[in-house]
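Okay, thanks everyone. Let me put the structure up, and then I'll walk you through a couple of spots in it.

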Amino acid sequence: MQAPDPHCGCTSCHSLSATSPISYTDLPPPPSSLISSNRAPSDSEITHSRTAIYYLENHLKNTIATDKEPRDMEAQIVTAGLVRNAHKAILSPLRRFPPELLAEIFTAVVSGGVGPLHPEYEPYFPAIVLTRICSLWRKVALDSLHLWTKVGIDLIFKPEPLLSWLKQYMVWSKHAPLHLTVECWGLEEVPETRNGVLNIITPHAHRWEHVDFSPAEWDFQFELAPIRGHLDSLKSLRLSFSYSEPERRILDVYEHAPYLTTLILEGASSLELVKLPWRQIKACQCDEFTTALHAIQFAENLLSCHLYMDIFASIPPTQDVLAQVCNTNLKILEVARGTIHGDSLCLFFSSLTLPSLRILKIQPQAELVSSDFWLGFFSFFHRSCRLLTTLKLRGLPFPFAEFTQILELVPQLVSLDIGCDYIYERDNGEFDNEFMDHLNANYPGCLVPCLTSLSIHGQAVFDEASVVGMVASRRRISSSNMNAVALLQHLVLGCSGPLSTSGPLSSLREFVLEGLMLAYEPPWEV
């Protein structure tokens with residue numbers, strides 16, 4: 001810090017000069033109200049601390065430069081250094097940091113993930129750590145109720161200090177809605193922990209907004225009986241049951257939840273035993289064919305259904321659930337992840353009629369697909385996909401003729417994403433350029449005239465002229481007659497071609513300049 005200049009006209013130098021003492025010992029100590037808190041200093045206190053720092057640093061510099069023995073100066077150096085550091089702490093920018101902005105930073109820190117409450121994790125639990133820095137941070141953290149609403153509990157650990165922290169979270173979250181996760185993975189749960197957790201969380205059932213019980217045995221669910229009729233805030237529910245045979249008892253704990261709209265069901269092979277407010281469910285995620293069919297059938301107002309499976313959960317639908325399932329409101333259906341037996345997938349789609357479907361994504365890796373698969377799949381498209389606007393197909397071995405027939409059934413398709421490793425022509429097993437010809441606006445039976453986004457992934461090799469011809473024809477006819485064919489706006493080529501000596505972008509450059517968004521990616525692998 002520079003010395004104050006008495007001839008300078010600035011306010012800072014004038015204040016420093018006017019208050020400059022002869023010796024640093026004449027400086028009054030930092031106000032105790034500032035030392036013991038993180039409150040922001042006033043203007044006069046800022047000026048005082050700047051003056052003190054200037055003279056203290058000069059004193060330290062002059063003391064160290066003297067010829068006296070260091071031990072004679074040690075006490076003065078230590079004292080002056082401590083006082084100087086206290087004044088610097090008063091000038092810290094964090095004291096003037098707006099609490100509202102600090103709360104937003106705390107939110108970003110905690111949103112990175114919340115782990116289970118147990119002794120090994122407690123020192124690293126972000127929301128708890130924030131209360132141990134200083135009084136200001138603790139106050140801001142405790143005033144930010146949402147920091148204490150996401151609670152993860154693992155029942156395999158000893159009751160203390162887990163239950164103590166859980167009680168504290170219930171107090172600190174006050175009246176705010178709770179995001180509650182109760183899990184017990186791989187090991188035996190501790191009965192004392194389980195009973196203690198139930199006793200603590202049950203009185204707050206009216207605040208449960210998002211609940212995840214995974215995995216939870218059936219007997220745990222029945223112990224939640226006192227919450228029945230008190231789930232006034234519940235919006236989303238995840239239930240993960242073991243795949244063992246459940247008790248033949250009706251589970252009606254969640255039957256009355258007026259705001260429940262989202263369900264995630266895992267391992268619920270006996271879903272008929274679970275009473276849920278199906279008519280108000282808007283979104284559902286399942287891991288079994290039978291569960292998905294059950295949800296689509298009984299949730300008559302369902303808008304989206306996501307079926308995420310792995311090879312262990314890909315259980316084919318049984319014959320007793322293969323009656324036709326119709327849902328006139330479902331708009332989004334996604335089947336993703338895992339290796340699926342082709343006949344299982346065929347039975348699933350053969351059972352469905354979804355006349356309002358807008359988005360269909362199928363991207364598992366299907367194996368052992370028989371000729372009957374196409375009959376069931378084609379009949380599903382005929383019944384359900386007249387209004388389809390988005391189609392994603394990957395991992396299915398499509399014969400080219402059947403694939404083109406499917407596209408003829410989706411006249412309003414806007415976005416198409418296909419994995420053409422699995423689309424082949426009957427004669428030589430190659431997809432190649434015939435598909436581009438069918439998308440060419442000059443083709444007599446031009447497929448999907450409304451298409452604006454096309455993404456192709458796989459190992460097919462396209463002739464660059466076919467790609468350019470398809471894009472050019474659609475753009476030309478679209479410009480002359482907007483009702484004839486849509487303008488292609490997005491093109492992703494994630495395959496082995498087109499290839500040319502000058503690169504794929506050379507011939508398409510003029511279309512890019514006109515607004516075409518083009519991406520060229522490495523081959524996609526299932």
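So, Trp137: buried or exposed? In this predicted model, Trp137 comes out as partly exposed, with a relative accessible area of 21%. The cut-off for buried is under 20%, so that value doesn't make it into the buried class.

Now, what about its ring? There are nine aromatic pairs in the structure. In one of them, Trp137 sits edge-to-face with Phe106, at 5.3 Å centre to centre and with 65° between the planes. That pair ties together distant parts of the chain, since Phe106 belongs to helix H5, residues 99-110, and Trp137 to helix H7, residues 135-143, with the two 31 residues apart. Phe106, for its part, is buried, with a relative accessible area of 1%.

While we're on aromatics, have a look at Phe289, Phe348, Phe349, Phe380 and Phe381, which make up one aromatic cluster.

Okay, over to the strands. Which strands does E3 pair with? On one side of the list there's E2, residues 178-183, which runs parallel to E3 and is joined to it by five bridges. Then there's E4, residues 236-240, also parallel to E3, with four bridges between them.

If you want one residue to find on screen, try Val211 in E3, the bridge partner of Leu180. Val211 also stands opposite Leu237 in E4.

And how enclosed is E3? The strand covers residues 208-213, and five of those six residues are buried, so the rest of the structure largely encloses it.

Methods. Residues are numbered from 1 along each chain as its sequence is written. This is a predicted model: local features need pLDDT of at least 70, side-chain atom pairs count only at pLDDT 80 or more; totals for chains, interfaces and linings use all residues. Side-chain values use heavy atoms; hydrogens and water are left out. Buried means under 20% relative accessible area, exposed over 50%, partly exposed in between (1.4 Å probe, protein chains only). Two strands pair if DSSP finds at least two bridges between them. Rings of Phe, Tyr and Trp (its six-membered ring) pair if their centres lie within 6.5 Å; planes under 30 degrees apart count as stacked, over 60 as edge-to-face and the rest as tilted.
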